[in-house]
Each structure stands twice: as structure tokens, then as C-alpha cells.
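Here is a short colleague's note for someone opening this entry for the first time. Please keep the viewer open while reading.

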Amino acid sequence: MTTIERSLDELYRDDPERADAEVFGRRTGASRRGFLGGAGLAALGAAVGGAVPFSAQMPAGLVPAALAQGAPAAGGAPKGPQPLDFPGKNPGLVVLGDRPLVAETPEHLLDDDTTPIAKFFIRNNGNIPEPAGDPAAWRIRVEGEVNQPLDLTLAELRSRFQPKTYRMVLECGGNGRASFTPQARGNQWTNGGAGCAEWTGVPLAEVLKAAGLKDSARYTAHYGADPHLSGDPTKETLSRGMPMQKAMEEHGLVVFAMNGEPLPHIHGGPVRLVIPGWPGSLSHKWLTRVVVRDREHDGQGMTGTSYRVPASPMIPGGKADEKSFRILESMPVRSVISNPANGTRLPAGTRELALRGAAWAGDLAVSAVDVSTDFGATWSRAEVTAPRNRYDWHRWTARVALPSDGYYEIWARATDSGGRMQPHVAGNWNPQGYGANAMHRVAVLVG
Ligand SMILES: Nc1nc2c(c(=O)[nH]1)N[C@H]1C(S)=C(S)[C@@H](COP(=O)(O)O)O[C@H]1N2
Ligand SMILES: [Mo]
């Protein structure tokens, strides 16, 4: 094979005119969109499936949403999404990797206020461990910089501490990665490495207090029962941790139930951590041990460019200077359009569309969600609901007018309570692709 397969995004970066030609046919040749007349507009319409009422507002070089997701690599064979086949899971979930098993929830399946277990994304770094024979006998240990190391069975955890239930977003640190150009290393999440479930468990802070933190306590280290992919028992699959201040927040839970059911095995049952707002990798599944350290953790996933982002921008695709990287803590603001789905066809004559979605912002709240139907030329404000508790997502709704039949893109952008808005394209490129939170776009065809 001499053909070098490149993604449409890369082609647009390197040779936008050729990219336009690939997408819209040879006829458009050297002309750029935004200046398209006659033949060019016809080619654009043919590519996206209809006339484009707001074509004059369409930025040149923008890959239409209708083609961007699951688009074939230029010159390559089309590769459709692989549906998940897993007991109890919705086949609409998309497999991003099968060894380890990773599956994401397409944005339109995030349409429930509380994400059902069947639709909740799966992210493993190692092999799935054997299910526990007797969940109540599952043991966790708290040790390290504590006065009194604690050994607790799940039954003891439940009887000794007051359980809490919060609805909270769990989001993979790499969520949104697919929008990085050039492609970053790792699972190519769109926005579906996230879900919002009701988690029941005991605050980690209470367990740590029961063990008694020494003055030297600085950072946690989390360990679980899932074997390393290689099968080598001396290797850790994943071991991340957090500063004590985060560990002592009341919403960080040692979880044993999800949406009112015993925590499912695939989600880390019988016992996992849920540490909201920060990368999902802190929310350790099949939890066996929390070690309190006197310094930052250095376990699997803590070093190099893992779960780290550049403190100042680096050259996309360039060589990383790891010394200037910092640990990714709070996740960035993100919104998803959960209705309609990307690629929805509406009957001819449809002139109004109801939109639904969700938005969240790591440790922060969401202050606004805006939507656009004209490639971002104008925006209108969505109605945003209050979260049930801190770290819950905000659900939002909006109604937009569609002036005529044709191809539209619905764009959504959220702004966090610190005033930061989602960017048009993913910024702060980094080799392992964290922090991509570009605005969500869905294609809709009327008629
Ligand atoms: N033991 C263990 N815990 C883990 C992981 C893992 O591979 N092993 N993956 C982490 C990552 S990267 C994420 S995003 C979340 C995903 O949780 P879920 O599979 O329940 O959606 O679990 C975290 N906890
Ligand atoms: Mo993750």
C-alpha cells in the first residue's frame, strides 16, 4: 500500500483546496467555500444532501458535521462505528477498543436526565477482573500516612458510615479527543466518554477521617483488582491519585450502588471511587486500596504526558517538553446536543426544531448554553436547568427556527461559571489528547 491515509481534518490543515476538492468534487477545484457560486454550491449540496440555506455563513475549510464524524479517511475505505455487544448494554454504544474494552455513548444517547446503566460508557485500561463471589465480603484497605490503617469489608463500610446519593458526571480525561488535529494518541472519544448517574456510597473523606490523617498526608494513591493487559502480576493497570484537598470534598464517594442498583461489575462493582469533576481515571473501579502519601503520586498514569496538559501551548504534533506539563485536574466546560441526533432527517416544511442537551464543567457550574443554526453567525440562549447537587450536569432545552428546507448544522456551546466558553476547535494540543472541548455540532437535513 502506497496510499497514505489521512483524516479529512489533516488534509484540511495541510491542503485545504485539495480537501475541498475531495469532499465536494473536482469541480470546485481552487475555489474556496464562502465564495462558492453555482457549481460549487451544487457540489456542497450534493455532499451534505441538500441545499445549505446559510452557506454564506459557512466558514471556509470547515468540515461539515454531516461528514466529520465517521467520515472515511481521504483515499481510504469507509469504516463505520462498531456497535457494542455486551450483556445489559445498549447496542447503540460504540466500541472504541476491545482490548481493553472501551465503549462510548453517542451524544444522542445522553438524552436521559439520569444516564441509565445500559447507556453508560465503559473505559478499561486492563483486563476485567473476575466477579466477586460475595460482594459484601469485598475488602478495601486505607493505609499510608494515617494513624490507624483501616481494613473494611463492603458490609462494614455500609454499616459504619452514613451513605450519600448524588447525581454526578463521570467523564473520561480524554473525552473529546477525536477533535484534535493532528490526531492525538489514545481512544478517539467524540463527546461520549461521559455520563451522569446517581451514585450511592460513603464519602471518602469520612473513611479517611476514620483512619486519621497524619500531618504528613499530601496525596492519595488508588489501587484496584483489574489485572494488567500483559497478564504480568507485578504491573499496575492504573494507579492515580489526588491532593488531599480534593480527596476531602464531600462529593468524592466510595461507591457501591449506581442508579439504585448494586454497582455493576463492568463499572467497578462491588466497590469503586467516584471523584467528580476531575478525569474519570481517579474514579478507581474494583477498588482494593487507598494509600495516603506524603508526596504527589507516581503510579501508572501519573507521569510523563499521562493525564497531563502543557502549561503553555506546544506545537501540535510536535515534541512534548514534559517538564512544562501539569496534571489535568478539573475537566473543561462541555455541552452536548442529545436531541436531535447527528444526521437526523426531518420532513419537508419543518420550520421549528426543539433541541435538548446537557452541559457540565468539571469543578465549576455552567452559567450559559447558546445554540446556533447559522454556523455561529448568530446565537440564542438555551434554557438551562439547575443541577440537583454539585457535580450534577445541567440539562438544557431550546427552540430554533429553520427558515427553509435544506442542510443545517446545530451548534451548541456552554460557558462555565468562571466565564470560560467552549472553543470552536480543540485547543492546547497535547500528545495524549486531554482537554478537547470544542463546541458540539450536529447535522440536520430538512426535506
Ligand atoms: N481499576 C480501574 N479503574 C478505572 C479504570 C481502569 O482501567 N481500572 N479506568 C478509569 C477511567 S480512565 C475511567 S474514564 C473510568 C470509567 O468508568 P466506567 O467504565 O465505569 O465508565 O474508570 C476509571 N477507573
Ligand atoms: Mo478515562
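Which residue in β3 does Val-95 stand opposite? The first point answers this.

1. **The opening sheet.** This is a predicted model. Val-95 stands opposite Ala-103 in β3. The pair belongs to a junction of two antiparallel strands, β2 (residues 94-98) and β3 (residues 101-104), joined by four bridges. Step back and the wider sheet appears. It is open, has four strands, and follows the order β1-β2-β3-β4 with antiparallel pairing. The edges are β1 (82-83) and β4 (122-123); each has a single partner strand, so one side of each lacks a neighbour in the sheet. Strands of a sheet pair through backbone hydrogen bonds, either parallel or antiparallel.

2. **The link between β2 and β3.** Look at the loop between these two strands, where Pro-100 is found. The peptide bond joining Arg-99 and Pro-100 is cis, with omega about 0 degrees.

3. **Phe-120, just along the chain.** Is Phe-120 buried or exposed? Its place is the loop between β3 and β4. Its relative accessibility is 1%, so Phe-120 counts as buried, the cut-off being under 20%. Its C-alpha lies 8.7 Å from that of Asn-90, which is 30 residues away in sequence. Beyond its neighbours within four places in sequence, Phe-120 has contacts that include Lys-89, Leu-93, Thr-105 and Thr-115. Leu-170, Gly-195, Cys-196, Ala-197, Trp-199, Met-258 and His-267 are also among its contacts.

4. **Helix α3.** This helix covers residues 38-48. Gly-40, Ala-43, Leu-44, Gly-45 and Val-48 are buried in it. Gly-49 follows α3 and has a positive phi, near 100 degrees.

5. **First annotated domain.** The UniProt record, an unreviewed entry, places "domain: Oxidoreductase molybdopterin-binding" on residues 131-299. In the model, that span is 11% helix and 31% strand. Its end C-alpha atoms are 25 Å apart.

6. **The cavity.** How many cavities of 30 Å³ or more does the structure hold? There is one. The largest cavity has a volume of about 250 Å³. Its lining has 20 residues, and Arg-123, Arg-272, Gly-280, Ser-283 and Lys-285 lie nearest the centre. By class, the lining splits into eight nonpolar, eight polar and four charged residues.

7. **Second annotated domain.** The same kind of record, again an unreviewed UniProt entry, gives "domain: Moybdenum cofactor oxidoreductase dimerisation" for residues 328-444. This span is 0% helix and 45% strand. Its end C-alpha atoms lie 35 Å apart.

8. **Strand β16 and its partner.** β16 (residues 334-339) is mostly covered, with five of its six residues buried. It pairs with β18 (residues 352-360) in the antiparallel sense, over five bridges. Ser-335 stands opposite Ala-359 in β18. A second cis peptide to check runs from Asn-339 to Pro-340, with omega near 0 degrees. Pro-340 lies in the loop between β16 and β17 (344-346).

9. **Val-442.** Which strand holds Val-442? It is β24 (residues 440-446). Val-442 counts as buried, because its relative accessibility is 1% and the cut-off is under 20%. Leaving out neighbours within four places in sequence, Val-442 is in contact with Pro-340, the residue of the cis bond above, and also with Ala-65, Ile-337, Ala-341 and Asn-342. Tyr-408, Glu-409 and Ile-410 are in contact with Val-442 too. Thr-373 is 69 residues away along the chain, yet the two C-alpha atoms are separated by 9.8 Å.

10. **Positive phi outside glycine.** Two residues deserve a look. Phe-375 is not a glycine, but its phi is positive, about 60 degrees. It sits in the loop between β19 (366-372) and β20 (380-381). Phe-375 is buried, with a relative accessible area of 5%. Tyr-391 also has a positive phi, near 80 degrees. Its loop runs between β21 (383-384) and β22 (394-401). Tyr-391 is buried as well, with a relative accessible area of 7%.

11. **The second largest pocket.** Its volume is about 500 Å³. Of the 19 residues lining the pocket, Arg-326, Ser-330, Met-331, Pro-332 and Arg-420 lie nearest its centre. The lining divides into ten nonpolar, six polar and three charged residues.

Methods. Residues are numbered from 1 along each chain as its sequence is written. Chains are lettered from A and ligands numbered from 1 in the order in which they are written. This is a predicted model: local features need pLDDT of at least 70, side-chain atom pairs count only at pLDDT 80 or more; totals for chains, interfaces and linings use all residues. Side-chain values use heavy atoms; hydrogens and water are left out. Two strands pair if DSSP finds at least two bridges between them. Buried means under 20% relative accessible area, exposed over 50%, partly exposed in between (1.4 Å probe, protein chains only). Contact means heavy atoms within 4.5 Å. On a 1 Å grid over the protein atoms alone, a cavity is a set of points where a 1.4 Å probe fits but cannot get out, and a pocket is an open set with protein on both sides within 12 Å along at least five of seven lines; lining residues have an atom within 4 Å of a point. Grid points are joined across faces, edges and corners, and a volume is the space filled by probe spheres set on the points. Ala, Val, Leu, Ile, Met, Phe, Trp, Tyr, Cys and Pro count as nonpolar, Asp, Glu, Lys and Arg as charged, and the others, Gly among them, as polar. UniProt positions are given in the numbering used here, feature names are shortened, and annotations may be inferred rather than shown by experiment.
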